[in-house]
Each structure stands twice: as C-alpha cells, then as structure tokens.
Amino acid sequence: MTNTPNQYMARAIQLAKKGLYTTQPNPRVGCVIVKNNQVIGEGWHQKAGEPHAEVFALREAGEQAKGATAYVTLEPCSHQGKTPPCADALINAGVVNVVVAMQDPNPLVAGKGLQKLIDAGIAVESGLMEAESRLLNPGFIKRMSQGLPYVRVKLAMSLDGRTAMASGESVWITGEAARADVQKLRARSSAILTGSGTLLMDDPSLNVRLTASDIGGDIEPHQPLRVIFDSQLKTPLDAKTLDLAGDVTILSCCNDNNYPQNNVNVVKLPADGEHVNLQAALKYLAQQQINEVHVEAGSVLCGALLAAQLVDELVIYMAPHLMGDSGKGLFHLPGLDAMSQRVALEIADIRPIAKDWRITATPKY
C-alpha cells in the first residue's frame with residue numbers, strides 16, 4: 001500500500017512532537033525522507049545547538065537520499081547559526097523534492113531556505129498540513145511575527161468557579177493527576193510566570209519536576225526561566241524558587257538587586273501605575289528568546305493580562321467540589337457591568353484528568 005504525502009507529513013509532525021519539551025528556544029521540527037514510496041530516513045530536532053531534523057533524517061538515509069523526497073514541518077534554514085544551513089545539507093545529499101508544511105516566520109529564513117532549494121534545481125512544495133504544523137510552535141511563530149511570546153494561563157478552580165478560599169488557602173484544589181498534567185504544560189514552556197502576591201502567599205517552586213522517562217524520551221526536559229512580576233521587589237530573600245536550579249528573572253519598577261543568588265536577575269521596566277507595564281514585560285521576555293509563557297498567578301495578574309488582551313490560551317482544571325460564594329474567583333476584571341462586555345471564549349478541548357476536568361479555551365477579543 002502506497003502512503004500519501006499527507007501521511008508522510010503527518011509522520012514528520014509526529015516526530016516533531018518529540019521535541020515538545022526540549023528544543024527551547026528553537027522550534028519543534030520533524031523530517032521524513034522518502035524514496036520509491038519507502039521511508040528511508042527520519043529525524044527530529046532534539047535540542048538547541050544540536051543538529052536539526054533534516055540532518056538526523058539524512059544521516060539515517062545515507063546514500064539513498066540521492067533522488068529522494070524530504071517532508072519537513074518547517075522551511076529548512078538557509079543561514080549559519082549554531083549549526084550549518086539545512087537547505088545546504090539537503091542540496092548536498094542530492095534530494096530532488098522538498099515538501100514543507102510552512103514557511104519559517106524567522107526573518108533570517110522567511111522564504112530564503114525555499115529559494116535556495118529552488119535555485120539548486122530542487123522541486124519545492126509549501127503548505128501541506130500547514131495548520132497542523134503551526135500548532136507545534138505557537139510561541140516561536142508569535143515571537144517571530146509579533147515580537148511577543150505566546151501566553152498560556154493555567155488556573156485551577158472548583159465546580160463553582162473558586163480558585164481559593166476567602167483566606168487565600170488554595171492547596172490543593174485539584175488531584176494528583178491534574179497536578180502531574182500541569183508539569184507537562186510547564187515543561188513545554190520557555191518561562192513560568194507568577195506575581196509577587198502568589199509568591200508571598202504560596203511560596204511556589206515554579207520549576208519542572210519531570211524526568212526524561214516522564215516525557216517518553218532520553219533527553220531531560222529543560223528548566224524554563226522562572227519569572228516574577230514584582231513591581232516593588234517584595235520577593236523575600238528566602239523564597240523557595242530563588243534557591244532552585246535554573247535562572248530567575250524578577251521584573252520590577254525598581255532596579256535594586258539585593259539578592260545574593262547568582263541566578264537571580266532583577267530587570268527594571270516601565271511602570272503602568274503601580275505595576276510593571278505588561279506589554280513591556282512580555283516584549284522584554286520575547287527579546288530573551290522566550291517563546292511560550294506559562295502563567296500561574298492570582299486573579300489580579302491573570303485578570304490584568306486578560307483585560308490587556310495578552311492571553312492567548314486558558315487551561316482551566318475544574319475539580320468536582322464546591323468552595324462557596326466567599327471564595328476567590330478566576331479573574332479580577334473590574335468594569336464588566338453589562339452582558340455585552342463579557343469576554344467570549346472558544347472552547348478548544350474538554351477532557352477528564354482522573355477525577356478533574358481540563359478545559360482549554362481561547363479568548364475571542
């Protein structure tokens with residue numbers, strides 16, 4: 001039975017997903033090389049600084065790559081970065097057809113890789129399963145096209161929409177399976193962000209507690225940058241997150257760095273009233289090659305991000321219990337007085353996570 005081009009590209013997308021937790025700040029990319037209706041090479045980008053997907057696939061194909069067709073989820077790069085250009089590797093291997101799912105939004109590439117292949121006499125097709133390929137790299141695409149990271153807000157609530165008791169107590173709303181699921185959301189992110197209020201109340205670790213086996217591979221998931229919005233530098237010196245492995249950035253309206261830890265960086269940004277300007281903060285993170293921001297914060301910061309139309313995705317875990325009408329809500333959104341002012345959501349997915357439910361939604365601004 002002969003496979004179709006869509007099936008080969010679907011396999012390339014499947015391979016790219018293997019890099020979901022390890023490629024930051026690079027995009028997740030997969031490649032399949034086919035000759036005489038047989039797959040002769042497969043590869044995926046595993047980690048920044050290491051070979052790209054095309055190189056691994058070409059290594060597996062060897063001499064058979066001459067005269068073959070390559071299916072790649074993202075346009076092969078044409079510039080010298082930490083690794084040589086993948087377009088050159090395909091040309092030198094003698095590949096005669098290249099099918100890509102989407103053009104690279106990186107201005108350093110953006111069509112140049114495809115043009116290099118065309119100039120070398122290779123037949124090029126672009127756009128096969130583009131929508132599916134774009135889902136691999138929402139943060140990379142947004143950072144390259146808009147200069148902002150993709151912002152995913154994670155919240156946990158009771159069935160009656162409460163995130164904490166009136167006292168602020170919130171540990172634990174959801175069950176163990178939901179909390180393990182959140183670890184994967186953290187691991188796929190470039191940065192984990194919280195506010196000073198949540199830090200002072202809960203003293204969270206904000207790190208990834210997964211191993212390579214937990215994500216089904218041989219490569220340890222990377223530790224995202226831990227980011228604290230702390231306009232007045234209230235973060236205590238003994239905060240748990242400051243003493244863990246990995247880097248911490250505190251975004252503030254002050255520039256005093258009294259933190260003795262070498263991994264803590266205090267960055268002064270423009271203020272918006274008494275708080276850090278959210279747009280400026282996210283632009284700064286994008287400049288640090290942050291693709292996806294995972295937000296675990298209280299109702300005030302989450303509400304401010306939503307009101308500023310800076311949230312791309314909501315992931316809400318709903319637990320099967322009630323916390324009463326004196327508990328705290330999901331978002332602090334002052335000024336919503338009429339039904340016409342509601343924030344509309346498009347539900348992308350609802351599924352059970354053990355006894356809890358996970359709702360994935362997109363704000364429709």
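When I say buried, I mean that a residue has under 20% relative accessible area, and I would like you to keep that cut-off in mind as we look at this model, which is a predicted one.

Let me start with strand 14, which covers residues 313-319. Seven of its seven residues are buried, so the strand is largely enclosed by the rest of the structure. In a regular strand the side chains alternate between the two faces of the sheet. Here, Glu313, Val315, Tyr317 and Ala319 point one way, while Leu314, Ile316 and Met318 point the other way, and all of these are buried.

What are the partners of this strand? On the one hand, strand 6, residues 150-158, runs parallel to strand 14 and is joined to it by seven bridges, with Ala156 standing opposite Tyr317. On the other hand, strand 16, residues 356-364, runs antiparallel to strand 14 and is joined to it by five bridges, and in this pairing Val315 stands opposite Thr360.

Let me now turn to another part of the chain, beginning with Ala271, which lies in strand 11, residues 271-272. Is Ala271 buried or exposed? Neither word quite fits, because at 46% relative accessibility Ala271 counts as partly exposed. Ala271 and Ser231 are 40 residues apart in sequence, yet their C-alpha atoms are 7.9 Å apart in space. If we leave aside the neighbours within four places in sequence, Ala271 is in contact with Cys253 and Asn277.

Asn277 leads us on to helix 9, residues 278-287, since this residue caps the N-terminal end of the helix, with a side-chain oxygen lying 3.1 Å from the backbone nitrogen of Gln279. Within helix 9, the buried residues are Leu278, Ala281, Leu282, Tyr284, Leu285 and Ala286. An α-helix has 3.6 residues a turn, so residues three or four places apart point the same way. Just after helix 9, Gln289 takes a positive phi of about 65°.

Finally, a word on internal space. How many cavities of 30 Å³ or more does a search of the whole structure find? The search finds one, and its volume is about 100 Å³. The cavity is lined by 18 residues, of which Gln24, Arg28, Arg188, Asn291 and Glu292 lie nearest its centre. By class, the lining has five nonpolar, ten polar and three charged residues, and the largest share of it, three residues, comes from helix 6, residues 138-146.

Methods: Residues are numbered from 1 along each chain as its sequence is written. This is a predicted model: local features need pLDDT of at least 70, side-chain atom pairs count only at pLDDT 80 or more; totals for chains, interfaces and linings use all residues. Side-chain values use heavy atoms; hydrogens and water are left out. Buried means under 20% relative accessible area, exposed over 50%, partly exposed in between (1.4 Å probe, protein chains only). Helices (H or I, at least four residues) and strands (E, at least two) are DSSP runs, numbered from the N terminus. Two strands pair if DSSP finds at least two bridges between them. Contact means heavy atoms within 4.5 Å. A polar contact is a pair of N or O atoms within 3.5 Å; within protein, one must be able to donate a hydrogen and the other to accept it, and residues adjacent in sequence count only if both atoms are side-chain atoms. On a 1 Å grid over the protein atoms alone, a cavity is a set of points where a 1.4 Å probe fits but cannot get out, and a pocket is an open set with protein on both sides within 12 Å along at least five of seven lines; lining residues have an atom within 4 Å of a point. Grid points are joined across faces, edges and corners, and a volume is the space filled by probe spheres set on the points. Ala, Val, Leu, Ile, Met, Phe, Trp, Tyr, Cys and Pro count as nonpolar, Asp, Glu, Lys and Arg as charged, and the others, Gly among them, as polar.
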